[in-house]
Amino acid sequence: MVVPGMCQLASAALRHVEPVIVLEQLGNTLFETALQMVVKDRSVNASSTEAEQQKVMTDFYLTYNLLIRFVPILPSLLLARLSDRGWRRAPVVVPLSGYLLSRLLLLLVVLVRLPLEVMFGAAALFGITGGFSAFWPGVMTLVSLRSSAAERSKVMMRVELLYGGAGLVASLVSGHLFQLYTSSLGNGTILLIVSTLLHLLSLCLAAFLLQVKYVSQEEPEENRSLLSPTSHNAPVVEGPARINKLNVALLFTAAFLYDFAVGGAISLLGPFVLKAPLSWTAVQLGYGNAAGCGIFFTSFVGAVVFRRFASDETIILIGMVSFAFGIYLMTFTTTTAMFYIARSFNLFALIPMPTIRSLLSQHVPASSWGTALTFLQMTLKIAGIIYIPVFTSVYQKSLDWLPGMVFLLASIITVCAMIPISILGCRTAKGKHYKSIQEDPGSLNQ
C-alpha cells in the first residue's frame, strides 16, 4: 500500500505548476550559460582587442534583449485575456513552446556553425509565443487562484524560492557541462542537449498534466485597509470593491524603477566578469550565476522572518536597500573575492517584486488578476526596452575609466524606487488608522 500511495502523491505533485517551473528554470539556466559562452567565443574570433570584444558582446545583447522584451508585448496581452476568460493554462503552455524552439535554434548554431545572428530570429520566435512576460504572470495567476489573500505573498515567495533553487543547481553544473565534449561534439553541445530535453519535458507536463485549482477568495478584514478610506462598509467580494488607483500607480512606478535598476545592472554583469581583470571561465561563470540564484533562498527566509514584525511595504524597502548597497560595491570590483562580497549584500534583493505582485493582487478583483499581473509584466518590459540601450551605452562609454559605472547608476535608481513605496506605506498606515477610528469612535476622546 505504500507504493500505490507514493505513486498517487507523485501523480498529484506533477499536476501542480511547481514541477513545470523547476524544469523550465533548470533548462533556462543551462541555456543562459551556453549562450554567454557562445557569444564570448564568437566575439573573440571576430575582434582583436578586448575593448572590441566587449563592444561585439554588448551590441549582440543589446539587440537580443530588446527583441526578447519588445516582441512579447502583444502576445502576452492576448494570452492574459485568454487566461481571464478561463483558459488559465494558455499563458504557461504557449510560452514553453517558444522556449523549446529557441533552445533548438542555439543548438543548431553550435552544431552547424550557423551565424550568431540566427539567435535574433530565436529571440523573435520566443517573443511571439509570449516569452517570460506571459509565462511568469500565468504561473503567478495559477498560484494566486489556489491561495488565500492572507497567504498569497508567502506562497508567491515560495514559488520564487523553488525557481531560485532550480537555478542554483543548474548554475553549479552548467560550466562543467559546457566543457564536456567528444570528438564529434564541441563545447556546449551536451549542455544544450540537456537544456532542450528539460524544456521538452516541462512543456509536456504543462500541456498534459497541469491542473488549475481554486480556493475561496473572500477578502479578509485586514486587507480592506487597502481600499480607499470611504469604502470601509464595502461588502465582502472577490478582491476589493473599489480600486485605489493611486496605490496601484505607486506600485507600478516602484516596480518600473526597481526593475530598471536591477535589469540594467544584471544585463551587463556577464560581460563585466568575462573581461579583465576578472576574466572568468565557463565554470566560474556558472558559480557566479549560482551566487545570484542563492539570493532566492536568502530572500525567501528574509521575507518569512521580516513578515512577522513588518508590513509588506517595509519588507520591500529592506529588499531595495539590500540591492542598492550590494550593487554599489560592485562598482569598484576588481577581483573575484570582491565580486562575491558585493553579491553577499544582495541577500534580500529579490523580496520586492513578488511582494509588489502580492500587493497588486489585493487591489484588483480576482477575475482580473491575469490581466493586472500581465500589465505589470508589460511595464517591466517597457523598462527593459529603455534600460537596455541606456545601460549598454553607459557601459561602453565608461569602459576605459570606470567599467562599473552602470552599477553606480543602478544603485541611484534603486534609491529613487524607494520613494513611491514609502508613500504607499504612509497611505496604507493612514488608511488603517482611519478604519480603527471608524470602528471605535470613542478612541478620539481617550
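**Reading a predicted helical model: a tutorial dialogue**

In this predicted model, K55 and D59 form a salt bridge whose closest N and O atoms are 2.8 Å apart.

Q: How should a salt bridge be read, and where do K55 and D59 lie with respect to one another in helix α3?

A: Side chains of opposite charge can pair when their charged atoms come close. In this case K55 and D59 are four residues apart in helix α3, and about one helical turn therefore separates them. As for accessibility, K55 is partly exposed at 45%, and D59 is likewise classed as partly exposed, at 27%.

Q: How many salt bridges does a search of the whole structure find?

A: The search finds four. Among them is the pair D84 and R88, whose side chains meet with an N to O distance of 3.2 Å. R88 is buried, its relative accessible area being 8%. Another of the four joins the side chains of R307 and D312, at 3.5 Å from N to O. Here R307 is partly exposed, with a relative accessible area of 24%, whereas D312 counts as buried at 16%. The cut-off that divides these two partners is 20%, under which a residue is called buried.

Q: Which residues of α3 are buried, and how are they arranged around the axis?

A: An α-helix has 3.6 residues a turn, so residues three or four places apart point the same way. The buried residues of α3 are Q53, Q54, M57, T58, F60, Y61, Y64, N65, I68 and R69. They lie on the same side of α3, because the arc they cover around the axis is only 160 degrees.

Q: How does the end-to-end reach of helix α3 compare with what is expected at 1.5 Å a residue?

A: Helix α3 runs over residues 50-70, which makes 21 residues. From the first C-alpha to the last it reaches 30 Å, close to the expected 30 Å. The comparison can be repeated for helix α5, residues 90-112. Its 23 residues should span 33 Å, and the end C-alpha atoms are 33 Å apart, in agreement with that value.

Q: Which residue just after α5 takes a positive phi?

A: Most residues other than glycine have a negative phi, and most peptide bonds are trans. Just after α5, R113 takes a positive phi of about 60 degrees. R113 is placed in the loop between α5 and α6 (118-128). With a relative accessible area of 57%, R113 is exposed.

Q: What backbone features are found in the loop between α11 and α12?

A: S279 is placed in this loop, and its phi is near 50 degrees, a positive value in a residue other than glycine. S279 is partly exposed, with a relative accessible area of 39%. P277 also has its place in the loop between α11 (269-274) and α12 (282-306). The peptide bond from A276 to P277 is cis, and its omega is near 10 degrees.

Q: Is helix α15 mostly covered or mostly open to the surroundings?

A: Helix α15, residues 352-361, is mostly covered, with 10 of its 10 residues buried. The buried residues include P352, M353, P354 and T355 towards the start of the list, together with I356, R357, S358, L359, L360 and S361. A reader may select these residues in the structure and compare them with the buried residues of α3, which include F60 and Y61.

Q: Which residues make the nonpolar surface patch, and which helices supply them?

A: A patch of this kind is read by asking which nonpolar side chains contribute to it, and where they come from. F325, Y328, F332, M338, I341 and F345 make a nonpolar surface patch of about 550 Å². At least two residues of the patch come from each of α13 (312-330) and α14 (336-344). F325 is found in helix α13, and at 42% relative accessibility it counts as partly exposed.

Q: How many disulfides does the structure hold, and are cysteines such as C293 buried or exposed?

A: The structure holds zero disulfides. C293 is buried, its relative accessible area being 9%. C416, in turn, counts as partly exposed at 38% relative accessibility.

Note on methods
Residues are numbered from 1 along each chain as its sequence is written. This is a predicted model: local features need pLDDT of at least 70, side-chain atom pairs count only at pLDDT 80 or more; totals for chains, interfaces and linings use all residues. Side-chain values use heavy atoms; hydrogens and water are left out. The expected span of a helix is 1.5 Å times one less than its number of residues. Buried means under 20% relative accessible area, exposed over 50%, partly exposed in between (1.4 Å probe, protein chains only). The arc is that of the directions from the helix axis to the C-beta atoms. Patches are made of residues with over 30% relative accessible area and no salt bridge: like charges are joined within 9 Å, nonpolar side chains (Val, Leu, Ile, Met, Phe, Trp, Tyr) within 5 Å. Accessible areas come from the Shrake-Rupley method with a 1.4 Å probe; for residues, only the protein chains shown count as cover. A disulfide is a pair of cysteine sulfur atoms within 2.5 Å.
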